[in-house]
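Before reading the points below, please look over the sequence and the fold together. The note takes up a helix, a loop residue and a pocket in turn.

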Amino acid sequence: MTAVVSVELERDRLDQIDAFKRKAREDRQVMNFYCIAGDADFVMIVVAKDIAAYETFTHRFFFADKNVRKFRTSIVVSTEKATLELPI
């Protein structure tokens, strides 16, 4: 399964932000990871075997991190288009 997750951090301390970025870059379940402007600090695409595996991921990745204020998950129901091709 694929989840689109928006994440808000608790603090705007550079060391905490860098630690979260490093953790996301190193995690094999995080397929894409974006720093964004807007309501959240980050958006990530996460894959898991099933909902139980995703729940395990959330406990390990979000709930165990005191710097994560909030995260919101949207589960992908179907993929209508996915490409890495750039229209150049």
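1. In what follows, contact means that heavy atoms lie within 4.5 Å, and the reader should keep in mind that this is a predicted model. With that in hand, the buried residues of helix 2 can be placed: they pack against strand 1 (2-9), helix 1 (14-26), strand 2, strand 3 and strand 4 (68-75).

2. The residues concerned are Tyr-54, Phe-57, Thr-58, Phe-61 and Phe-62, which are buried in helix 2, a helix that covers residues 51-63. At the N-terminal end of helix 2, Asp-50 acts as a cap, with a side-chain oxygen 3.2 Å from the backbone nitrogen of Ala-52.

3. Between helix 2 and strand 4 there is a loop, and Asn-67 is part of that loop. Is Asn-67 buried or exposed? Its relative accessible area is 2%, and because buried means under 20%, Asn-67 counts as buried. When neighbours within four places in sequence are set aside, Asn-67 is in contact with Glu-8, Leu-9, Glu-10, Arg-11 and Gln-16.

4. The largest pocket holds about 200 Å³ of space. Its lining is made up of Thr-2, Met-31, Asn-32, Ile-45, Val-47, Thr-79, Lys-81, Ala-82, Thr-83 and Leu-84, and by class these divide into 5 nonpolar, 4 polar and 1 charged residues. Strand 2 (30-35) and strand 3 (42-47) each contribute at least two residues to the lining of the largest pocket, and both strands are also packed against by the buried residues of helix 2.

Conventions. Residues are numbered from 1 along each chain as its sequence is written. This is a predicted model: local features need pLDDT of at least 70, side-chain atom pairs count only at pLDDT 80 or more; totals for chains, interfaces and linings use all residues. Side-chain values use heavy atoms; hydrogens and water are left out. On a 1 Å grid over the protein atoms alone, a cavity is a set of points where a 1.4 Å probe fits but cannot get out, and a pocket is an open set with protein on both sides within 12 Å along at least five of seven lines; lining residues have an atom within 4 Å of a point. Grid points are joined across faces, edges and corners, and a volume is the space filled by probe spheres set on the points. Helices (H or I, at least four residues) and strands (E, at least two) are DSSP runs, numbered from the N terminus. Ala, Val, Leu, Ile, Met, Phe, Trp, Tyr, Cys and Pro count as nonpolar, Asp, Glu, Lys and Arg as charged, and the others, Gly among them, as polar. Buried means under 20% relative accessible area, exposed over 50%, partly exposed in between (1.4 Å probe, protein chains only). A polar contact is a pair of N or O atoms within 3.5 Å; within protein, one must be able to donate a hydrogen and the other to accept it, and residues adjacent in sequence count only if both atoms are side-chain atoms.
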